[in-house]
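Here is a walk through a protein model for someone who likes to look at residues one by one. Keep the viewer open while you read.

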Amino acid sequence: ICFSNDADQTGCPVGALLVNNAISFDAAAIEYGCNNSSKRCLFKRGDSFEALDIILFEVQGPTRIGAYGAGPKPLIHGSSHVVQFGEIMDHLDFIDLEIRGEDEESQKAFQLTEGLQIRDLFLYRVDVRDFDTGFHIRGGTSEFIPSVNVHRNIALVDNTILSGAGKSGNDAFLMWEDSLFMGNRVGDKEDGSGTGDGEHIIRAKFSHGVVYSHNSIGLLTEQTDQDPPIVGCGNIRNVFKLVSGLAEEHGEAGYSREFIMADNYISSCSLNTGVDVAIMPTSDGNNYEGFQDYIVERNHFTMKYGGLNSNSKTSLHVVGANAVVRNNVFDLSSTQLSSNPRGVVVGVRTPSDNPDLPTNHIRVLGNTFYKSEGSIGNGFGIIIQNHPAVMDNVVFNNLLFDDVGTATLLMDQSSSTVVCPDCNLRVDTSPFILDHPI
């Protein structure tokens, strides 16, 4: 089925049903069964459609909501929530759409029906702007059982979630298994003043068998016409927060585990505080939240724009067991921080925590840390916390370059429980040629 604002159906597949003068996205989709049957519903590129009410999708697919023709993606303007997922029994795809909200607090582009599992969902090249929450795919702790009815087989690929309202929502709120988050650009929140002050850019309540790769997350656009010159992301707490929100109800089965975070660009925002990527419990004292068997590799963390209202900042804080942090690049340079940028912290959430699963057998290896000329503050590449629940961790083959000369590569607070602390290198001069001699 092809929908257009006028009678121009150029590019519509041969044999398709032609629907002219369509202006309402929700009315057209519901009237022609796009939300509850196996169909391919295509909206004309360059046209605009109003979403006046939320659409409940309950399909036995395959079903595709996409675009046809040439030009910019069809624009769907949502005055409320736009898409709600019901009982999805087979493949549902959203491809090549632009969806814009109205910067209203709690407004969502995509959301679930509480208590219902989402599976076999594919969102590809969907541009979401001006929503408080772009993708809301989570659920209540007591309603979902890991490996039984948690959302699964979801792929969010090459989408953008930008210019969020920065009020009470997350750009993406996720809870899933066997899924993929790849190639997305997420961030540049507005400086919202709602009840949540923007919350986190990405919040993952539970991750099992999930790949987070090749994404750009955080402050992605430098705004030079502002004073101060770097504004973005709102007063959020973390750029990416990954927790084990099902552990209290389901024990070890509710641990976030067997996930990979690789090849991402993580940029501190000017107003967020504390930790950029936090793989640790939801709140202080949540000792039942365990994490195990995960990898953080080949990511680029930067503090270039970070820490305007923070005395210190950490790029990555990890807890749990049997994890690897390897081959990442940490740019600790900042002209905003008062002091003490930190690359990796291995430990517990707070010194008073006594987690059920100790932080042990974490490997931090092959990472590069650097501070560029003009940076302020001191700083640390790696900190291993001193705590009874932090033990038997390995740190080797890491490099710190600091031509400012004030940063420390490794601060081992753990009473020498780190294996091979001397197997790392700190340099403050570069042997490389800066001006080509020829």
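The report below goes from the overall make-up to strands, cores, rings and a few single residues.

## About the model

This is a predicted model, in which local features need pLDDT of at least 70, side-chain atom pairs count only at pLDDT 80 or more, and totals for chains, interfaces and linings use all residues. Residues are numbered from 1 along each chain as its sequence is written, and side-chain values use heavy atoms, with hydrogens and water left out.

Let's begin with confidence, given as pLDDT (the predictor's confidence in each residue, from 0 to 100). The protein has a mean pLDDT of 87, and 87% of its residues reach 70 or more. Among the elements, strand 21 (residues 260–262) has the highest mean, 98, and strand 36 (residues 408–412) the lowest, 87.

## Overall make-up

How many helices and strands does the protein have? There are two helices and 37 strands, where helices (H or I, at least four residues) and strands (E, at least two) are DSSP runs numbered from the N terminus.

Of the 438 residues, 57% are buried. Here buried means under 20% relative accessible area, exposed means over 50%, and partly exposed is in between (1.4 Å probe, protein chains only). A contact means heavy atoms within 4.5 Å. Among contacts between residues at least 6 apart in sequence, 83% join residues at least 24 apart.

## Strand 11 and its partners

Strand 11 (residues 119–129) is a good place to trace strand pairing, which requires that DSSP finds at least two bridges between two strands. Strand 11 pairs with strand 9 (residues 92–100) in the parallel sense over eight bridges, and Arg 100 has Arg 129 as its bridge partner there.

Strand 11 also pairs in the parallel sense with strand 13, over five bridges; Phe 122 has Ala 155 in strand 13 as its bridge partner. With strand 14, strand 11 runs parallel and shares three bridges, and Arg 129 stands opposite Leu 162.

## Nonpolar cores

A nonpolar core is a set of buried Ala, Val, Leu, Ile, Met, Phe, Trp, Tyr and Cys residues joined through side-chain atoms within 4.5 Å. The largest one has 91 residues, and those with the most contacts inside it are Phe 3, Phe 94, Phe 110, Tyr 212, Ile 279 and Leu 316. Apart from it lies another core of five residues, including Phe 144, Val 150, Met 175 and Leu 246.

Tyr 212 is worth selecting in the viewer. Leaving out residues up to four places away in sequence, Tyr 212 touches several residues, among them Leu 174, Trp 176, Phe 181, Phe 240, Leu 242 and Ile 260.

## Aromatic rings

A pair of aromatic rings is described by the distance of the centres and the angle of the planes. Rings of Phe, Tyr and Trp (its six-membered ring) pair if their centres lie within 6.5 Å; planes under 30 degrees apart count as stacked, over 60 as edge-to-face and the rest as tilted. A search of the whole structure finds 17 aromatic pairs. The planes of Phe 43 and Phe 49 stand at 80° with the ring centres 5.0 Å apart, so this pair is edge-to-face. Phe 43 counts as buried at 1% relative accessibility, and Phe 49 is buried with a relative accessible area of 1%.

Which parts of the chain does the pair of Trp 176 and Tyr 212 link? This tilted pair, 6.3 Å centre to centre with 55° between the planes, links strand 15 (residues 172–182), home of Trp 176, to strand 17 (residues 202–213), home of Tyr 212, across 36 residues of sequence. Both residues are buried. Elsewhere, ring pairs link Phe 3, Phe 25, Tyr 32, Phe 43 and Phe 49 into a cluster.

## Residues to look at

Glu 177 lies in strand 15. Is Glu 177 buried or exposed? Glu 177 is buried, as its relative accessible area is 0%. Not counting residues up to four places away in sequence, Glu 177 touches residues including Val 150, His 151, Arg 152, Phe 206 and His 208.

Most residues other than glycine have a negative phi. Asp 158, however, has a positive phi of about 60°; Asp 158 is found in the loop between strand 13 (152–157) and strand 14 (160–162) and is partly exposed at 35% relative accessibility. Glu 258 also has a positive phi, near 50°. Glu 258 sits in the loop between strand 20 (256–257) and strand 21, and is partly exposed with a relative accessible area of 46%.
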